[in-house]
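Let's take a walk through a protein chain and see how its parts sit together. Have a look at the sequence and the 3D view before reading on.

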Amino acid sequence: MPFDHVGSHIGVALDLQKQLPRSHILDQYKNPSNPLAHYDETGQEIFDQCGGKVDYVVISAGTGGQVTGISRKLKELDPKIQIIGVDPNGSILAQPETLNKEGIHSYKVEGIGYDFIPRVIDRQYVDKWLKTDDQESFDYARRLIKEEGMLVGGSSGCALAAAI
């Protein structure tokens, strides 16, 4: 169902906020602290842990905070770093718009992609976008679990599929 439908996860959260006293919605889609946290922390951590030797970073896009904050920080530290954004088929976050030719449709990978453009996403720092499908995303997630012992989901498989 569309993001602005009363039965969507956003609609349900807004309804619960009205019902529950002293409740607050952090609203990761609009909250500027979302990309700022990744700018201040995650992007710098990636750079530091790689000793500044970073050529490419592959990041799946959801609310936009992670891809925006990390890419902005890394581009500041080294403009030659290539940022690859990953978006599942059925979502409309990738650019150029022609990548979204399938249009909005359901997909099973959770936590990434949307049927709207979150306010916090700033796609100008992404050098290239790749689209992935559910099957390859889940296949790669299972490989990470089996072969690397990593507890990950489909969105991580999505990023690995794009990286490969």
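## Where the pieces are

First, a bit of vocabulary: helices and strands here are DSSP runs, with at least four residues for a helix and at least two for a strand, and they're numbered from the N terminus. With that in hand, you can place Pro 96: this residue lies in the loop between β2 and β3. Keep in mind that you're looking at a predicted model.

How many helices and strands does the protein chain have? There are five helices and three strands. Start at the N terminus and you'll meet them in the order α-α-β-α-β-β-α-α.

## The overall build

The C-alpha trace spans about 50 × 35 × 35 Å along its principal axes. Does the radius of gyration point to a compact globule or to something else? For 164 residues, a compact globule would come out near 15 Å, and the protein chain has 17 Å, which agrees.

Contacts tell you how the chain folds back on itself. Among contacts with a separation of 6 or more, 68% are between residues 24 or more positions apart. As for cover, 39% of the 164 residues count as buried. The accessible surface comes to about 9800 Å², and carbon and sulfur atoms make up 52% of that.

Now for charge. The chain carries 17 positive and 23 negative side chains, and the centres of these two sets are 1 Å apart.

## Strands and a covered helix

Take strand β2, which covers residues 82–88: six of its seven residues are buried, so the strand is mostly covered. Strand β1 (residues 56–60) runs parallel to β2, and five bridges join the two. If you'd like to find one pairing yourself, look for Ile 59, whose bridge partner in β2 is Gly 85.

Next, jump to helix α5, at residues 154–163. Which of its residues are buried? They are Gly 154, Gly 157, Cys 158, Ala 159, Ala 161 and Ala 162. The elements covering these buried residues include β1, β2, β3 (128–132) and α4 (134–148).

## Unusual backbone spots

Most residues other than glycine have a negative phi, and most peptide bonds are trans. A few places in this chain go the other way. Gln 95 and Pro 96 are joined by a cis peptide bond, with omega about 0°.

Two residues in the loop between α1 and α2 also stand out. One is Arg 22, with a positive phi near 60°. The other is Asp 27, where phi is positive too, near 50°.

Are these two residues buried, partly exposed or exposed? Arg 22 has 85% relative accessibility, so it counts as exposed. Asp 27 has a relative accessible area of 25%, so it is partly exposed.

## A closer look at Thr 63

Thr 63 sits in the loop between β1 and α3 (65–77). Is Thr 63 buried or exposed? Its relative accessible area is 12%, and buried means under 20%, so Thr 63 is buried.

What is Thr 63 in contact with, leaving aside neighbours within four places in sequence? The list is Gln 28, Tyr 29, Asn 34, Tyr 114, Pro 118, Val 120 and Ile 121. You can also try a distance: from C-alpha to C-alpha, Thr 63 and Leu 93 are 9.6 Å apart in space, while in sequence they are 30 residues apart.

Technical notes. Residues numbered from 1 in each chain as written. Predicted model: local features only at pLDDT ≥ 70, side-chain atom pairs only at ≥ 80, totals over all residues. Heavy atoms only, no water. Rg over C-alpha atoms; globule rule 2.2 N^0.38 Å. Buried < 20%, exposed > 50% of the residue type's maximum accessible area, 1.4 Å probe, protein only. Contact = heavy atoms within 4.5 Å. Areas by Shrake-Rupley, 256 points an atom, 1.4 Å probe, with all protein chains shown as cover. Lys, Arg positive; Asp, Glu negative; His and termini not counted. Charge placed at Lys NZ, Arg CZ, Asp CG, Glu CD. Pairing = 2+ DSSP bridges.
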